[in-house]
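Subject: Structure handover

Hello,

I am passing on the structure we spoke about, and my notes follow it. Please read them with the structure open.

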Amino acid sequence: MTHAPLPAMILAGGRATRMGGGDKPLVLLAGRPLLAHLLDRLRPQVGRLALNANGDPGRWAGWGLPVVGDSLPDHPGPLAGVLAAMDWTAAQGAAHVLTVAGDSPCPPADLAARLWAARGPTGLALAASQDRHGPPRDHPTFGLWPVALRGDLAATLAAGQRRVRDFTARHRPGIAVWQGPDPFANINTPADLALAEARLAAL
């Protein structure tokens, strides 16, 4: 990349209902929190890092990350986290922010570079994965977001519209596709966690 390192926000504002509640980034995978695995992959790629999470920020003490809550009540979903990321980035004077899901421990090592290269006409880029058995699968929480879209995003959320794909479709994103095993696999259930443990053990 020929630009300054991108700021990045880890989206951890969900309530993890399928995991019994709590914070999924703090769930242990191979003896380490998911967040530790994620930071290992993310830190070499980006500049400033922050965490989007709601509730008491003290539970994230020790991670060395600014904690930014949603500006909207009632947990309106990932788009609220993206808006928080845009607001945080705008305060730094940066034009783009990278977002990643806090429950996906092993994103690609070239995530930032390939999203930057894939920017669409509005500057928006999203990640997708594809195996040999089917079409690409999009992962819209892994994205490069132009801060210029935050006014429209705030208006979209104020109107009660919460679907990430509906919002991104309006802004003609570029898509970066990773082939092979899904590097964006996330941990939603105890079964997902067991599968991730098995994958790590096989490496």
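A residue is called exposed here when its relative accessible area is over 50%, buried when that area is under 20%, and partly exposed in between. By that cut-off R137 is exposed, because its relative accessible area is 51%. Please keep in mind that this is a predicted model.

Salt bridges

The structure holds eight salt bridges, and three of them are described below.

R137 pairs with D182, and their closest N and O atoms are 3.5 Å apart. The two residues belong to distant parts of the chain, 45 residues apart: R137 is in strand β8, while D182 is in the loop between β9 and α6 (190–202). D182 is partly exposed, as its relative accessible area is 25%.

D138 forms a salt bridge with R165, with 2.8 Å between the closest N and O atoms. This pair also links distant parts of the chain, since D138 lies in strand β8 and R165 in helix α5, 27 residues apart. Both partners count as partly exposed, R165 at 42% relative accessibility and D138 at 31%.

The third pair is R170 with D152, whose side chains meet at 2.7 Å, N to O. Because R170 lies in helix α5 and D152 in helix α4, this salt bridge ties together parts that are 18 residues apart in sequence. R170 counts as partly exposed at 42% relative accessibility, and so does D152 at 29%.

Helix α4

Helix α4 covers residues 150–158, and L153, T156 and L157 are buried in it. Those three sit on the same side of α4, because they cover an arc of only 95° around the axis. Which helices help to cover the buried residues of α4? They include α2 (78–92) and α5 (164–170). Just after α4, G160 takes a positive phi of about 85°.

Strand β4 and its partners

Strand β4 (residues 49–52) is covered on both faces. L49 and L51 are buried on one side, and A50 and N52 are buried on the other.

β4 pairs with strand β1 (residues 8–11) in the parallel sense, over four bridges. Within this pairing, A50 is the bridge partner of M9. β4 also runs parallel to strand β5 (residues 67–68), to which two bridges join it. There, V68 of β5 stands opposite N52.

Nonpolar cores

How many residues does the largest nonpolar core have? It has 29, and I10, L49, L98, L111 and L115 are those with the most contacts inside it. The elements giving two or more residues to this core are the strands β1, β4, β6 (96–101), β7 (125–130), β8 (137–146) and β9 (174–179), together with the helices α1 (34–42) and α3 (111–117). Apart from this core lies another, of 20 residues, with V82, A84, A85 and L149 among them.

L49 is worth selecting in the viewer, as a residue that appears both in β4 and in the list of those with the most contacts inside the largest core. Leaving aside neighbours within four places in sequence, L49 is in contact with A8, I10, L39, L42, R43, L65, P66 and W88.

Regards

How values were computed: Residues numbered from 1 in each chain as written. Predicted model: local features only at pLDDT ≥ 70, side-chain atom pairs only at ≥ 80, totals over all residues. Heavy atoms only, no water. Buried < 20%, exposed > 50% of the residue type's maximum accessible area, 1.4 Å probe, protein only. Pairing = 2+ DSSP bridges. Arc of directions from axis to C-beta. Contact = heavy atoms within 4.5 Å. Core = buried A, V, L, I, M, F, W, Y, C linked by side-chain atoms within 4.5 Å. Salt bridge = Lys/Arg side-chain N within 4 Å of Asp/Glu carboxyl O.
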